[in-house]
Amino acid sequence: MLSFCVTNMFFGLHYLCLEKFSTIILLSNEILLLLILFMFERYKVQHRYTVLVCCFVFVADVIAIVSTWTEAISLLPLSASLVFLFSLSFRGVLVTKICTIYTNLAYITYLILIGSYVAIACQCVLLVSAIIGLYVTVKDIKVKKTIKQSRVTKAAILQAVKLKPAHTKKEVLLSNH
């Protein structure tokens with residue numbers, strides 16, 4: 001989450017130079033939200049409060065775009081932000097990763113329209129990493145589903161997940177010295 005905050009800060013500075021104030025407000029709202037969610041995770045706050053904060057930021061984003069309306073392309077960052085907020089309302093990682101891909105594509109389109117080519121390159125790197133993350137998550141889900149459905153021995157399960165069997169207490173004590 002903190003890496004998203006840092007990324008949003010750098011993109012916020014970029015949009016400040018381009019005088020895209022509505023996008024700066026959206027990113028500022030996301031930074032504040034991510035810091036709140038980081039604290040929620042740290043202190044194990046119930047998930048319903050995460051949903052409430054996401055709804056509050058959702059409304060704040062819409063108000064920000066309406067109040068700073070200059071051009072129709074500002075709807076792209078708004079849609080990206082709203083989809084991102086929607087994805088945070090779910091507990092599953094898979095939905096969040098799928099929504100992150102849409103968010104990256106919306107920002108790439110926005111950056112193409114405003115002609116910010118360096119930011120396009122950065123956003124493409126983020127898109128590729130999101131796609132790789134989605135692939136790894138889907139692969140992990142398939143492996144876990146296969147293990148749950150099969151009736152194999154413990155050693156075969158560990159081999160399927162590519163884990164080593166647990167060491168005995170004696171081996172653990174000898175490896176610590």
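In this predicted model, helix α2 contains 22 residues and spans 32 Å from its first C-alpha to its last, close to the 32 Å expected at 1.5 Å a residue. Much can be read from the side chains of α2. Its buried residues are Ser-22, Thr-23, Ile-24, Leu-26, Leu-27, Asn-29, Glu-30, Ile-31, Leu-33, Leu-34, Leu-37 and Phe-40. Which helices help to cover them? The cover includes α1, α3, α4 and α5. A general point helps when looking along such a list: an α-helix has 3.6 residues a turn, so residues three or four places apart point the same way.

One member of that buried set, Leu-34, makes a handy reference point for α1. Ser-3 belongs to helix α1, and its C-alpha is 9.7 Å from that of Leu-34, although 31 residues separate the two in sequence. Ser-3 itself is exposed, because its relative accessible area is 51%, where the cut-off for exposed is over 50%.

Let us turn to the loops on either side of α2. Most residues other than glycine have a negative phi, which makes positive values worth a look. Glu-19, in the loop between α1 and α2, has a positive phi near 60°. Lys-44 follows just after α2, in the loop between α2 and α3, and its phi is positive too, at about 55°, although Lys-44 is not a glycine. Are these two residues buried or exposed? Glu-19 counts as exposed at 57% relative accessibility, and Lys-44 is exposed with a relative accessible area of 72%.

The loop between α1 and α2 also holds Lys-20, which takes part in a salt bridge. How many salt bridges does a search of the whole structure find? There is 1, and it pairs Lys-20 with Glu-71, with 2.7 Å between the closest N and O atoms. The pair links distant parts of the chain, since Glu-71 sits in the loop between α3 and α4, 51 residues away from Lys-20. The two partners fall into separate accessibility classes: Lys-20 counts as buried at 16% relative accessibility, whereas Glu-71 is partly exposed at 28%.

The table gathers the accessibility values of the residues discussed one by one, with Asn-104 added.

| Residue | Relative accessible area | Class |
|---|---|---|
| Ser-3 | 51% | exposed |
| Glu-19 | 57% | exposed |
| Lys-20 | 16% | buried |
| Lys-44 | 72% | exposed |
| Glu-71 | 28% | partly exposed |
| Asn-104 | 6% | buried |

Asn-104 is part of helix α5. Why does Asn-104 count as buried? Its relative accessibility is 6%, and buried means under 20%. Beyond its neighbours within four places in sequence, Asn-104 contacts Gln-123, Leu-126, Leu-127 and Ala-130.

Finally, we come to the largest pocket, which holds about 930 Å³ of space. The lining comprises 34 residues, and those closest to the pocket's centre are Phe-4, Phe-84, Leu-88, Thr-96 and Thr-100. Two or more lining residues come from each of α1 (2-17), α2 (21-42), α3 (47-67), α4 (75-88), α5 (93-114) and α6 (117-149). Which helix gives the most to this lining? That is α5, with 7 residues. By chemical character, the lining divides into 16 nonpolar, 14 polar and 4 charged residues.

Definitions and conventions. Residues numbered from 1 in each chain as written. Predicted model: local features only at pLDDT ≥ 70, side-chain atom pairs only at ≥ 80, totals over all residues. Heavy atoms only, no water. 1 Å grid on protein atoms, 1.4 Å probe; cavity = no way out; pocket = protein on both sides within 12 Å on 5 of 7 lines; lining within 4 Å. Points joined across faces, edges and corners; volume = space filled by probe spheres on them. Helix = DSSP H or I, 4+ residues; strand = E, 2+ residues; numbered from the N terminus. Nonpolar A, V, L, I, M, F, W, Y, C, P; charged D, E, K, R; others polar. Expected span 1.5 Å × (residues − 1). Buried < 20%, exposed > 50% of the residue type's maximum accessible area, 1.4 Å probe, protein only. Contact = heavy atoms within 4.5 Å. Salt bridge = Lys/Arg side-chain N within 4 Å of Asp/Glu carboxyl O.
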